Amino acid sequence: MNTLSVSALNEQIKTLLESSFERVFVEGELSRITFHNSGHIYFTLKDKDSSISCVMFRGNATKLKFRLEEGLKVLVDGAISVYKPRGSYQINCFMIEPSGQGALALAYEQLKQKLSNQGYFDPQLKKQLPKFPSKIALITSATGAALQDMLRVANKRYRNISLDVYDVLVQGEGAAFAISNAIKQADLVGYDVIVVGRGGGSIEDLWAFNEEIVADAIFKATTPIVSAVGHEIDYLISDFVADVRAATPSAAMEIILPDNNELYQYIDSLSDQFTQTISQKLFNKTQELQHLQKSFAQHSVDRKLLQHKESIKALQESFNQTMSYKFQKFSLELKNLQERYPQAIDNRINSFKEQVRNLERMLESNHPKLKRKKGFAQISKEHKVIDLNSLEPDEIFEAQSDEVVISAKVLQKREI
């Protein structure tokens, strides 16, 4: 009986399996994916009935165009290998493709979704292109047809422009790094616009513009960036991140630069508009000036003096009319007075004469001499004639006749 050690048995199994399964193509679903710090990727490939361990070493893992995700169905190209210390076998994966679609297509969708979630495509973050740029950076291949197309359009449309070319790889290994580095350098210079572009090609040729490193450089740039990659049907990650997407490199220059002919027409229209505006303003100011002149004439000192003179003249005429009327009225009244005056004077004189006669009669009737009668005298007090009944005891009074005045004092008063 031939007895084997464990190591010997595992070595025979390893030799048998690895020689029998030097190349296998296995389809299954990814599970339990581990991205090791060493760069190796460990995962399980399974279907509904069984599973197998897999490893993809760093050298092959760096060539993956998409990210392995849990539950993703893939096609693995590899070989069976045996890890002799544990006696376990696994698939050593050389290449992995998504099942049913290409790796690049899947990588494109994965990165597009990732950047969209991070806000790289937000329209509100897009920067506006200047209307009249003076300095533009062209990041492209100096030997490519895209550069010649852009220079041709620029020379035709708008010559008052400075164009700086950043010669970079636009496809192949190292292209993405070169493009992102050129974007960062150009962003520091202070250009009005940066154009990132190249001509058409396959998805593999254009892939550098789908790399995350390029998307990061575009998104973080402070200068407005136009993505002009491929043909009109090509949509790259750079198109979504850039501030403006141009269908082709030549279309980018048409978007960025104003057209000389259009500028001439625009200048003509501005000139016409300016002339019309100035004419209208002059007309309006003329109308306003005429209005002010009329208003000034109506409110000028001469006008006010004339108005005051007319008012004074009207007042004078009114005064003269009033005085004439009053004079006529007074004249008529005076004439009436003159006619009535002699008779009125005579009547007044006669009335005064009659009053004098009455006063004389009264004086005569009250004169002491006319009142002389034995036993009677005029009683007065303080030179005023009073009634005897008004005197009271101890009052001093005077008794006057036509010949003598006697001062006396009331000793007693009694009624009779």
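## A tour from the five-stranded sheet outward

Begin by selecting the open sheet of five strands, which follow the order β7-β6-β8-β9-β10 and pair in the parallel sense; strands here are DSSP runs (E, at least two residues), helices are DSSP runs too (H or I, at least four residues), both numbered from the N terminus, and two strands pair if DSSP finds at least two bridges between them. At its edges are β7 (162-167) and β10 (244-245), each of which pairs on one side only.

Before going on, note that this is a predicted model, in which local features need pLDDT of at least 70 and side-chain atom pairs count only at pLDDT 80 or more, while totals for chains, interfaces and linings use all residues. Residues are numbered from 1 along each chain as its sequence is written, and side-chain values use heavy atoms, with hydrogens and water left out.

Next, select β9 (residues 225-229) together with β10: the two strands run parallel and are joined by two bridges, and Ser227 stands opposite Arg245 in β10.

Now add the helices that pack on this sheet. Helix α4 (residues 145-157) touches β6 (135-140), β7 and β8 (193-198), and its direction makes about 160° with that of β6; contact means heavy atoms within 4.5 Å, and the axes are lines fitted to C-alpha atoms, for helices over the stretch in contact, with angles running from 0 to 180 degrees between N-to-C directions. Helix α5 (residues 175-189) lies across β6, β7, β8 and β9, and runs at about 170° to β6.

Move to helix α6 (residues 212-220), where Val214, Ala215, Ala217 and Ile218 are buried; buried means under 20% relative accessible area, exposed over 50%, and partly exposed in between, with a 1.4 Å probe and protein chains only. Looking down the axis of α6, you will find these buried residues within an arc of 160°, so they line one face of the helix, the arc being that of the directions from the helix axis to the C-beta atoms.

Stay with α6 and select Phe219 and Tyr120. Four aromatic pairs are found in the whole structure; rings of Phe, Tyr and Trp (its six-membered ring) pair if their centres lie within 6.5 Å, and planes under 30 degrees apart count as stacked, over 60 as edge-to-face and the rest as tilted. The rings of Tyr120 and Phe219 have centres 4.1 Å apart and planes at 10°, so this pair is stacked. Because Tyr120 lies in the loop between α3 (103-117) and β6, and Phe219 in helix α6, the pair ties together parts that are 99 residues apart in sequence. Tyr120 is buried at a relative accessible area of 9%, whereas Phe219, at 29%, is partly exposed. Selecting Phe121, Tyr235 and Phe240 then shows one aromatic cluster.

Another stop is strand β2 (residues 41-46), which runs antiparallel to strand β3 (residues 51-56) and is joined to it by six bridges, with a hairpin of four residues connecting the two. Thr44 stands opposite Ser53 in β3. β3 also pairs with strand β5 (residues 88-98), in the parallel sense and over two bridges, and there Asn92 in β5 is the bridge partner of Val55.

Finally, which helix holds Ser318? Ser318 lies in helix α10 (residues 301-366) and is partly exposed, with a relative accessible area of 38%. Its C-alpha atom is separated by 81 Å from that of Gln128, 190 residues apart along the chain.
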